[in-house]
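Thanks, everyone. I'll put the structure up now, and then we'll walk through a few residues, the core and one helix pair.

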Amino acid sequence: MQAKETVQTRWNRLRRQRGTGEKVSVDATALMRFADTAIHFLLAAVLAGASVFGDYAPFGVALVGAAGSGVCGAAALVGACFGYMVLLGFADGLRDAAAAILTFAVGFAFYDWKLLRRPWAMPLVAGFINSCTGFIYLSQGGWRTVDVIYFLSEIALTVAAAWCYRVLLLPIRRGSGEGVCSAARRTGALVLVCTTLISLSNLYLWNDVSFGRTLGACLVLAGAWQGGLAAGAVLGVTIGLSMDLAGSGVPLYAMAWGLA
């Protein structure tokens with residue numbers, strides 16, 4: 001009730017200031033918070049469409065686990081569920097949407113636990129919950145060797161991606177600029193770019209020309225131009241592997257972009 005009255009009071013004050021011709025001051029902190037919320041929503045919606053090994057999409061769940069239990073976490077949850085249902089369809093996206101909801105629920109319910117505030121806590125929670133929902137679906141289809149390998153790889157990707165997202169996004173939510181050029185944040189930014197390109201690889205500009213692969217090739221060329229041979233090779237192998245995960249799995253792009 002108090003929050004509702006506060007919002008109503010602010011709205012009435014803004015209306016009076018606008019009616020009298022006074023300048024309306026804008027709270028920069030509120031704008032930054034709104035921008036952070038919108039970024040988490042858009043990233044989660046895009047990453048939900050990033051599929052690897054054909055039918056596995058762990059990166060939306062990973063972002064929900066990295067976003068925490070606050071407003072940004074709620075925005076990431078809504079974006080992930082929206083992306084899974086729209087980009088993957090109801091039947092295929094229901095499993096991952098359920099994992100995202102359960103991950104946020106655990107973070108929200110046990111927010112006061114100091115254990116969950118450690119860097120690896122929520123990534124491990126996201127990986128465990130994703131493994132539980134995946135175990136149910138995998139049990140219905142049978143335990144083939146290739147499915148078990150994909151299942152274990154999905155869990156590892158969920159934990160690793162959630163940790164990388166958290167390292168990158170947590171200082172932004174706190175408004176801290178410390179460690180901007182650290183190795184961990186550079187790794188997190190690279191993982192975020194690669195997983196975003198995996199989702200964009202399903203968007204075709206014309207016939208078989210993929211927007212994600214075209215953008216990835218441009219990033220590799222830009223990295224080689226600005227950073228030299230070593231930076232170009234690292235970007236080529238890393239982004240190429242992400243494109244291979246989105247495709248057939250054969251390391252074609254990694255070899256072509258890395259060696260070129």
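Let's start at Ala231, which sits in helix 10. A quick caution before I go on: this is a predicted model. Ala231 has 28% relative accessibility, so it counts as partly exposed. Look along the chain for Val220. It is 11 residues away from Ala231 in sequence, and the two C-alpha atoms are separated by 8.5 Å.

Stay in helix 10, because Leu229 is found there too. Is Leu229 buried or exposed? It is exposed, because its relative accessibility is 78% and the cut-off for exposed is over 50%. Its C-alpha atom lies 9.8 Å from that of Ala260, with their positions 31 residues apart along the chain.

Now the cysteines. Cys194 is in helix 8. Its relative accessibility is 6%, so Cys194 counts as buried. What does Cys194 touch, leaving out residues up to four places away in sequence? Thr238, Ile239 and Ser242. Take Ile239. Cys194 and Ile239 are 45 residues apart in sequence, yet their C-alpha atoms are 5.7 Å apart in space.

Two other cysteines are worth a look. Cys164 is buried, at 7% relative accessibility. Cys81 is buried as well, at 18%. For Cys81, the cut-off matters: buried means under 20%, so 18% qualifies. How many disulfides does the structure hold? Zero. As a reminder, a disulfide is a covalent bond between the sulfur atoms of two cysteines.

Let's step back to the whole protein. There are 11 helices and two strands. Reading from the N terminus, eight α elements come before the two β elements, and then three α elements follow. The protein has 260 residues, and buried ones make up 38% of them. What about long-range contacts? Take contacts between residues at least 6 apart in sequence: 59% of those join residues at least 24 apart.

Next, the core. In soluble globular proteins, nonpolar side chains tend to be buried together. Here, the largest nonpolar core has 44 residues. Which of them touch the most other members? Phe59, Leu63, Tyr84, Tyr165 and Ile198. Many elements feed this core. Those giving two or more residues include helix 2 (28–47), helix 5 (90–109), helix 6 (121–141) and helix 7 (145–174). Helix 8 (183–200) and helix 10 (229–246) are also among them. The largest share, seven residues, comes from helix 3.

That brings us to the helix pair. Helix 3 covers residues 59–67, and helix 4 covers residues 71–88. They pack at an angle of about 170 degrees, with their axes 8 Å apart. An angle over 145 degrees counts as roughly antiparallel, so that is how helix 3 runs relative to helix 4. Who makes the contact? From helix 3, it is Phe59, Gly60, Val61, Leu63, Val64 and Ala67. From helix 4, it is Cys72, Gly73, Ala76, Leu77, Ala80 and Tyr84. By class, that contact has 10 nonpolar residues, two polar and no charged.

Finish with Tyr84. It is on the helix 4 side of that contact, and it is among the core residues that touch the most other members. Not counting residues up to four places away in sequence, Tyr84 touches Phe59, Gly60 and Val61, among others. Its other partners include Ala48, Ala57 and Pro58. Gly89, Gly93, Asp96 and Ala97 are on the list too.

That's my tour. Happy to take questions.

Terms used: Residues are numbered from 1 along each chain as its sequence is written. This is a predicted model: local features need pLDDT of at least 70, side-chain atom pairs count only at pLDDT 80 or more; totals for chains, interfaces and linings use all residues. Side-chain values use heavy atoms; hydrogens and water are left out. Axes are lines fitted to C-alpha atoms, for helices over the stretch in contact, and angles run from 0 to 180 degrees between N-to-C directions. Helices (H or I, at least four residues) and strands (E, at least two) are DSSP runs, numbered from the N terminus. Angles under 35 degrees count as roughly parallel, over 145 as roughly antiparallel, 65 to 115 as roughly perpendicular and the rest as oblique. Contact means heavy atoms within 4.5 Å. Ala, Val, Leu, Ile, Met, Phe, Trp, Tyr, Cys and Pro count as nonpolar, Asp, Glu, Lys and Arg as charged, and the others, Gly among them, as polar. A nonpolar core is a set of buried Ala, Val, Leu, Ile, Met, Phe, Trp, Tyr and Cys residues joined through side-chain atoms within 4.5 Å. Buried means under 20% relative accessible area, exposed over 50%, partly exposed in between (1.4 Å probe, protein chains only). A disulfide is a pair of cysteine sulfur atoms within 2.5 Å.
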